[in-house]
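Open the model in your viewer and keep the selection box handy. We will go from stop to stop, and at each one you will hear what to pick and what to look for.

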Amino acid sequence: LKLGTNHIEWSPDSLSLAYSAKSNGVSNIRLVGTDGTQDRQLSGNKDENETLSDPAWMPDGKGLTFYSEYTSPAPSRERGYRLWLYSLDDSSQRAIYDSHVRFRVLGLASDGKNIIIAQNENSAESAPVSEKANIYSLNLATGASTAIQSIENVYLYYIPLSRDGRSIAFVSRNNGASTISTVAASGGVPNRLLVVNDPKILISTLAWAPDGKSIVFGKETHTNLLSMLTE
C-alpha cells in the first residue's frame, strides 16, 4: 500500500536516480548517477522525527517533489504530512502542502504546474475502503489547493494517475461489488469500466499502460494472494 508513486525515481534523462535513505537515523532524499557515482544528498532534513520518501521528477528534470511524515515536538506529538518541492538550480526546497490528514500523491497534472493528491475526508478513518476521498490539485508555485473530485467507497491506495496526467483510475466497492472507473484529472462525471459482482473477488494494484489506452489490474480472492492479471 504505497502512499506515493515511486520509491526510486529515474530522472527524465535516465542518467540519475532519486531515492530516500537514512543516515545516522535521519531521512533524506539523495541523488546518484546510474553508474553509481556522484551519490549526494539533496534535501536538508535534520529531524529524526521526519521521514522523507516518494521522490518524483519534474518533466524538465530541474526539480522534484517528495513526501514526508513527521511528528511535532512534545507535548502535542501530533502526526503531520508534507509535500515538498526541491529545485536543482539553486538547491532550495520548500513545503507546498502541510496537513494533519494523511494523503497520497498521485502525480503531476498534464500542465506540469499542478500536482494531484488524494485524501480521506474523514481524518480519523483508517479502513482500506474510504467512505469518501477527495481529489485535489495543488499549485506548485503557490501551494493553493483546488478540489476537483469526491469519490465514495474508494480504495485510497488504488487511485493511479495516467502518465500524461489527464486521467485518474480508481476502484470503489459498494454492497460487495467492486467497480473500476476513470475520471478526468480536471474533474467531471466518472466513467464506469468494469463491475465485479462476486463479493469474494477484490480488485487491486491498478496501473495505466504507457499510452493511457488500457489498465492492468489484479483480481484477488485473498488480500495477500495475487491470482490473475488481465487487461
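Start by selecting phenylalanine 103, which counts as buried because its relative accessibility is 0%; buried here means under 20% relative accessible area, exposed over 50% and partly exposed in between, with a 1.4 Å probe and protein chains only. Before moving on, note that this is a predicted model, where local features need pLDDT of at least 70, side-chain atom pairs count only at pLDDT 80 or more, and totals for chains, interfaces and linings use all residues. Residues are numbered from 1 along each chain as its sequence is written, and side-chain values use heavy atoms, with hydrogens and water left out.

**Stop 1: the rings around phenylalanine 103**

Add tyrosine 97 to the selection. The ring centres of tyrosine 97 and phenylalanine 103 are 5.1 Å apart with planes at 75°, so this pair is edge-to-face. For ring pairs, the rule takes Phe, Tyr and Trp (its six-membered ring) with centres within 6.5 Å; planes under 30 degrees apart are stacked, over 60 edge-to-face, and the rest tilted. Both tyrosine 97 and phenylalanine 103 are buried.

How many aromatic pairs does this rule count? The count comes to 5 aromatic pairs. Another of them is tyrosine 67 with phenylalanine 103, edge-to-face at 5.1 Å centre to centre and 75° between the planes. Tyrosine 67 belongs to strand S6 (residues 63-71) and phenylalanine 103 to strand S9, so this contact ties together parts 36 residues apart in sequence. Strands, labelled S, are DSSP runs (E, at least two residues), while helices are H or I runs of at least four, and numbering goes from the N terminus. Tyrosine 67 is buried too, at 1% relative accessibility. Now show Tyr67, Tyr81, Tyr97 and Phe103 together: ring pairs link them into a cluster.

**Stop 2: strand S9 and its hairpin**

Select residues 103-108, which make up S9. Here 6 of the 6 residues are buried, so S9 is largely enclosed by the rest of the structure. Extend the selection to S10 (residues 114-120), which pairs with S9 in the antiparallel sense over 5 bridges; two strands pair if DSSP finds at least two bridges between them. One bridge to look for sets leucine 108 against isoleucine 115 in S10. The hairpin has 5 residues between the strands, and glycine 112 takes a positive phi near 70° there.

**Stop 3: strand S6 and its neighbours**

Go back to S6, where 9 of the 9 residues are buried, so this strand is also largely enclosed by the rest of the structure. In a regular strand the side chains alternate between the two faces of the sheet. Colour Gly63, Thr65, Tyr67, Glu69 and Thr71 for one side of S6, and Leu64, Phe66, Ser68 and Tyr70 for the other: all are buried.

S6 is joined to S5 (residues 50-57) by 6 antiparallel bridges, with leucine 52 partnered to serine 68. The S5-S6 hairpin has 5 residues between the strands, and glycine 61 in the turn has a positive phi of about 75°. S6 is also joined to S7 (residues 79-87), by 9 antiparallel bridges, and leucine 64 has tyrosine 86 as its partner in S7.

**Stop 4: arginine 82**

Which residues should you show with arginine 82? Begin with glutamate 50: the two form a salt bridge, with the closest N and O atoms 2.9 Å apart. A salt bridge needs a side-chain nitrogen of Lys or Arg within 4 Å of a carboxyl oxygen of Asp or Glu. Arginine 82 lies in S7 and glutamate 50 in S5, so the pair ties together parts 32 residues apart in sequence. Both ends count as buried, arginine 82 at 18% relative accessibility and glutamate 50 at 6%.

Next add aspartate 98, which also forms a salt bridge with arginine 82, at 3.0 Å between the closest N and O atoms. Shared partners join Glu50, Arg82 and Asp98 into one network. Aspartate 98 is partly exposed, at 43% relative accessibility.

Finish with tyrosine 70: the charged end of arginine 82 sits over its ring, 3.8 Å from the centre (the rule asks for NZ of Lys or CZ of Arg within 6 Å of the ring centre and within 35 degrees of the ring normal).
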